[in-house]
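Q: Hi! Could you walk me through a model with me? I have a few quick things to ask.

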Amino acid sequence: MKVTIYTDGAARGNPEGPGGYGTILHYVDGKGKLHERELSGGYIRTTNNRMELMAVIAGLEALNRPCEVQIVSDSRYVTDAFNKRWIDGWLKKGWKGASGPVKNVDLWKRLLEAAKPHQLTFTWVKGHDGHPENERCDRLATSAADGDGLLPDPGV
């Protein structure tokens, strides 16, 4: 099955401030019917990059069987890690980057675990520039960040 996951994270510009994520899954079932599933997380105090990773993880963890997955994100942090093969370099170097230890290793490891059964491609789209599905995710993420609920600790 082919699935497209549109993601966005919003940390409200403050590493100590609330962040939220939005994720939309699109897929076609065996009968040719298009389905859409929206996931939105309430806020947690974290950085925007962690929210972007949480959005991708939420989408992957929601899948209940191996799929061909296209991740669409406005985060170069996420897409470049795979498209420019940074992730391979990090694994070979024991999670060390050119400028020191890689940040968010806990979430990168969780993402890689969630990705294991799937075939992934990553596509970057410019956020806030008319890509309708990305804009919907942005609204979900902003709504989650503005909410008054606190996500349970993701255990990472």
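Q: Let's start with H4: which residues in H4 are buried?
A: Happy to help, and do keep in mind that this is a predicted model. The buried residues of H4 are Val105, Leu107, Trp108, Leu111, Ala114 and Ala115.

Q: And what covers the buried residues of H4?
A: The cover includes helix H1, helix H2 (76-83), helix H3 (86-92) and strand E7 (119-124).

Q: Let's stay with H1 then. At what angle do the axes of H1 and H4 cross?
A: Roughly 20 degrees, and the axes of H1 (residues 48-61) and H4 (residues 105-115) come within 9 Å. Angles under 35 degrees count as roughly parallel, so H1 is roughly parallel to H4.

Q: Is that crossing left-handed or right-handed?
A: H1 passes H4 in a left-handed crossing.

Q: Nice. Which residues meet there?
A: From H1 you have Arg50, Leu53, Met54, Val56, Ile57, Leu60 and Glu61, and they meet Asp106, Leu107, Trp108, Arg110, Leu111, Ala114 and Ala115 of H4. By type, the contact has 10 nonpolar residues, 4 charged and no polar.

Q: Changing topic: where does Thr7 sit?
A: Thr7 is in strand E1, which covers residues 2-10.

Q: Buried or exposed, that Thr7?
A: Buried, because its relative accessibility is 0%, and the cut-off for buried is under 20%.

Q: What is Thr7 in contact with, leaving aside neighbours within four places in sequence?
A: Thr7 has contacts with Gly22, Thr23, Ala55, Val56, Val72, Ser73, Asp74, Asn134 and Cys137. Val56 is also one of the H1 residues that meet H4.

Terms used:
Residues numbered from 1 in each chain as written. Predicted model: local features only at pLDDT ≥ 70, side-chain atom pairs only at ≥ 80, totals over all residues. Heavy atoms only, no water. Axes fitted to C-alpha atoms, helices over the stretch in contact; angles between N-to-C directions. Helix = DSSP H or I, 4+ residues; strand = E, 2+ residues; numbered from the N terminus. Parallel < 35°, antiparallel > 145°, perpendicular 65-115°, else oblique. Left-handed = near helix turned anticlockwise from the far one by under 90°. Contact = heavy atoms within 4.5 Å. Nonpolar A, V, L, I, M, F, W, Y, C, P; charged D, E, K, R; others polar. Buried < 20%, exposed > 50% of the residue type's maximum accessible area, 1.4 Å probe, protein only.
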